[in-house]
Amino acid sequence: MQGVTPIKPSESSASPSANGQQIRQLYLQLTAAFSVAVLAWPYYALRNEELPWPHTAFAIAGTALLLASLTRQPWWWRLIHAAFAPLAWGVSQLAIPPGWYLLAFLLLMLIFRGAPGGQVPLYLSNADTAAAIARHIAKRPAVRFVDLGAGVGSLLVPLARERPDSHFTGIENAPLTWLIGRLRSARLSNCTWRWGDLWQIDLSDFDMVHAFLSPTPMAALWQKARQQMPPGSVFISNSFPVPDVEPQQVIEVNDSRRTRLYCYRV
Ligand SMILES: C[S@@+](CC[C@H](N)C(=O)[O-])C[C@H]1O[C@@H](n2cnc3c(N)ncnc32)[C@H](O)[C@@H]1O
């Protein structure tokens, strides 16, 4: 049985914010650094000695780990808190000019723009998954298909090649992946490659919607799909089920990842 929670119109295109969680973690790390500094600085200043940075970094790491454990943060956040200050100190010893950090940050944002705000990293559908979806839509004539967060077109390009009778739309917001997908799909007249935010796209134009994102946005995305997609259309989520909603069908792809495609009829 599918969930029947009524949809509030104002929620339909709202992206789930992951920023609250990230800001909490930032506060936690800053609290640890501040607590250690408050104790260590006066102590070493009174003795007229320089702050021993490696020891300070490990003291911050220990405090951050303690705070993260006390506040029951997920294990990966505890690991990040424990590693952050020692790593920052270690990297500072390499004396790399700051411009390189800025360059590395900009390069990462060109590819992983979806990760900091929406907790959606980049990983790509493989050929087996594209073939499984092609089989799934084989009996539907003239499909209007959209891939939300289309990456570099790993799914959309093979589907568009295989189904010239159908139309495929990809929407992607990371600049470099968008550009690669744009170039790959340039010669396909049945493929529209759009730059933009998946939360702003109107899903009423599509009878098949695919998303391969992360667990974070699934509940909000399903709300949007239910409100905007036409009756009888299908929402497919690669790997991440919609919480508390029974899929109508689960396609098991015979690949090394053991990909599961969760299909929900709207
Ligand atoms: C896991 S990848 C999947 C790529 C592709 N759909 C595939 O199956 O190969 C998720 C993609 O969604 C993009 N993305 C994340 N948030 C987005 C947003 N709000 N709007 C558009 N694209 C987004 C990311 O940049 C990334 O390329």
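**View 1. The residues around the ligand in this predicted model.** Welcome to the ligand site, where 22 residues surround the ligand. Among these, Ser125, Asp147, Gly149, Glu172 and Asp197 come nearest. Sorted by class, this shell holds eleven nonpolar residues, eight polar ones and three charged ones.

**View 2. Polar partners for nitrogen atoms of the ligand.** Take the two aspartates to begin with. In Asp147, an N or O atom of the side chain sits 2.9 Å from a nitrogen atom of the ligand. Asp197 also uses its side chain, placing a polar atom 2.8 Å from a ligand nitrogen. With Gly149 the backbone does the job: one of its polar atoms is 2.7 Å from a nitrogen atom of the ligand. As for the ligand's surface, 600 Å² is exposed when the ligand is taken alone, and the protein buries 97% of that.

**View 3. The second largest pocket and its lining.** Now let us turn to another spot on the protein. This pocket, the second largest, has a volume of about 160 Å³. Its lining is made up of Gln21, Gln22, Pro74, Trp76, Trp77, Ile80 and Gln119. By class, four of the lining residues are nonpolar and three are polar, while none is charged.

**View 4. Helices that contribute to the second largest pocket.** Two elements, α1 (19–46) and α3 (75–92), each provide at least two residues of the lining. Which of them gives the most to this pocket? That is α3, with three lining residues.

Note on methods
Residues are numbered from 1 along each chain as its sequence is written. This is a predicted model: local features need pLDDT of at least 70, side-chain atom pairs count only at pLDDT 80 or more; totals for chains, interfaces and linings use all residues. Side-chain values use heavy atoms; hydrogens and water are left out. A residue is near a molecule or strand if one of its heavy atoms lies within 4 Å of it. A polar contact is a pair of N or O atoms within 3.5 Å; within protein, one must be able to donate a hydrogen and the other to accept it, and residues adjacent in sequence count only if both atoms are side-chain atoms. Accessible areas come from the Shrake-Rupley method with a 1.4 Å probe; for residues, only the protein chains shown count as cover. Ala, Val, Leu, Ile, Met, Phe, Trp, Tyr, Cys and Pro count as nonpolar, Asp, Glu, Lys and Arg as charged, and the others, Gly among them, as polar. On a 1 Å grid over the protein atoms alone, a cavity is a set of points where a 1.4 Å probe fits but cannot get out, and a pocket is an open set with protein on both sides within 12 Å along at least five of seven lines; lining residues have an atom within 4 Å of a point. Grid points are joined across faces, edges and corners, and a volume is the space filled by probe spheres set on the points. Helices (H or I, at least four residues) and strands (E, at least two) are DSSP runs, numbered from the N terminus.
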